[in-house]
Amino acid sequence: MREADLKAMILAAFPGAEVTITDLAGDGDHYAAHVVSEDFRGMSRVAQHKAVYAALGGRMGGELHALQLTTAIPS
């Protein structure tokens, strides 16, 4: 999976979010993602993470092996 594809999937679910993707291992399937979205307001951190993983449509363990995820609400 490419960084651009991962970012596009997240932005499709959270339009207007700030998304930063970093390839951790240089192999295209281990990424760090930082997602800042107003959509997270009122959600617990666990709910935020579940929402992002749901947006990825079950790609974890397939074409996306590992994702180190951080989420935040804009200040």
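Helices (H or I, at least four residues) and strands (E, at least two) are DSSP runs, numbered from the N terminus. Keep that in mind as you work through these exercises.

This is a predicted model, in which local features need pLDDT of at least 70 and side-chain atom pairs count only at pLDDT 80 or more, while totals for chains, interfaces and linings use all residues. Residues are numbered from 1 along each chain as its sequence is written, and side-chain values use heavy atoms, with hydrogens and water left out.

## Exercise 1: The whole chain

Task: Describe the fold pattern, the dimensions and the surface of the chain.

Solution:

Step 1. Start with the secondary structure: the chain has two helices and three strands. Along the sequence, they follow the pattern α-β-β-α-β.

Step 2. Next come the dimensions. The radius of gyration (taken over C-alpha atoms; the globule rule is 2.2 Å times the number of residues to the power 0.38) is 12 Å, which agrees with the value near 11 Å for a compact globule of 75 residues. The C-alpha atoms fill a box of roughly 35 × 20 × 20 Å along the principal axes.

Step 3. Now look at burial. Buried means under 20% relative accessible area, exposed over 50%, and partly exposed in between (1.4 Å probe, protein chains only). Of the 75 residues, 33% are buried. Accessible areas come from the Shrake-Rupley method with a 1.4 Å probe, and for residues only the protein chains shown count as cover. The accessible surface of the chain is about 4,200 Å², and carbon and sulfur atoms hold 53% of that.

Step 4. Finish with contacts, meaning heavy atoms within 4.5 Å. Taking contacts between residues at least 6 apart in sequence, 57% join residues at least 24 apart.

## Exercise 2: Two neighbours in a loop

Task: Is serine 37 buried or exposed, and what does the side chain of glutamate 38 make a polar contact with?

Solution:

Step 1. Locate both residues. Serine 37 sits in the loop between strand 2 (30–36) and helix 2 (45–55), and glutamate 38 is in the loop between strand 2 and helix 2 as well.

Step 2. Read off accessibility. Serine 37 counts as buried because its relative accessibility is 3%. Glutamate 38 has a relative accessible area of 43%, so it is partly exposed.

Step 3. Find the polar contacts. A polar contact is a pair of N or O atoms within 3.5 Å; within protein, one must be able to donate a hydrogen and the other to accept it, and residues adjacent in sequence count only if both atoms are side-chain atoms. A polar side-chain atom of serine 37 lies 3.0 Å from the backbone nitrogen of aspartate 39. The side chain of glutamate 38 makes its polar contact with the side chain of arginine 41, at 2.3 Å.

Step 4. Look further along the chain. Not counting residues up to four places away in sequence, serine 37 touches Phe14, Ala17, Ala72, Ile73 and Pro74. Glutamate 38 and phenylalanine 14 are 24 residues apart along the chain, with 8.7 Å between their C-alpha atoms.

## Exercise 3: One residue from each strand

Task: Place valine 19, tyrosine 31 and threonine 71, and explain why each counts as buried.

Solution:

Step 1. Valine 19 belongs to strand 1 (residues 18–23). Its relative accessibility is 8%, so valine 19 counts as buried. From C-alpha to C-alpha, valine 19 is 6.5 Å from valine 36, though 17 residues separate them in sequence.

Step 2. Tyrosine 31 is in strand 2. Tyrosine 31 is buried because its relative accessible area is 2%. Beyond four places in sequence, its partners include Met1, Ile21 and Leu67. Its side chain also reaches the backbone nitrogen of glutamate 3 at 3.5 Å.

Step 3. Threonine 71 is in strand 3 (residues 66–72). With 4% relative accessibility, threonine 71 counts as buried. Its side chain and that of histidine 49 share a polar contact of 3.4 Å. Leaving out residues up to four places away, threonine 71 touches Val35, Phe40, Arg45, Gln48, His49 and Val52.

## Exercise 4: A residue in helix 2

Task: Which residues are in contact with alanine 51, leaving aside its neighbours within four places in sequence?

Solution:

Step 1. Alanine 51 has its place in helix 2.

Step 2. With those neighbours set aside, alanine 51 is in contact with Phe14 and Met43.

Step 3. For a distance, take glutamate 18: its C-alpha is 15 Å from that of alanine 51, and the two are 33 residues apart in sequence.
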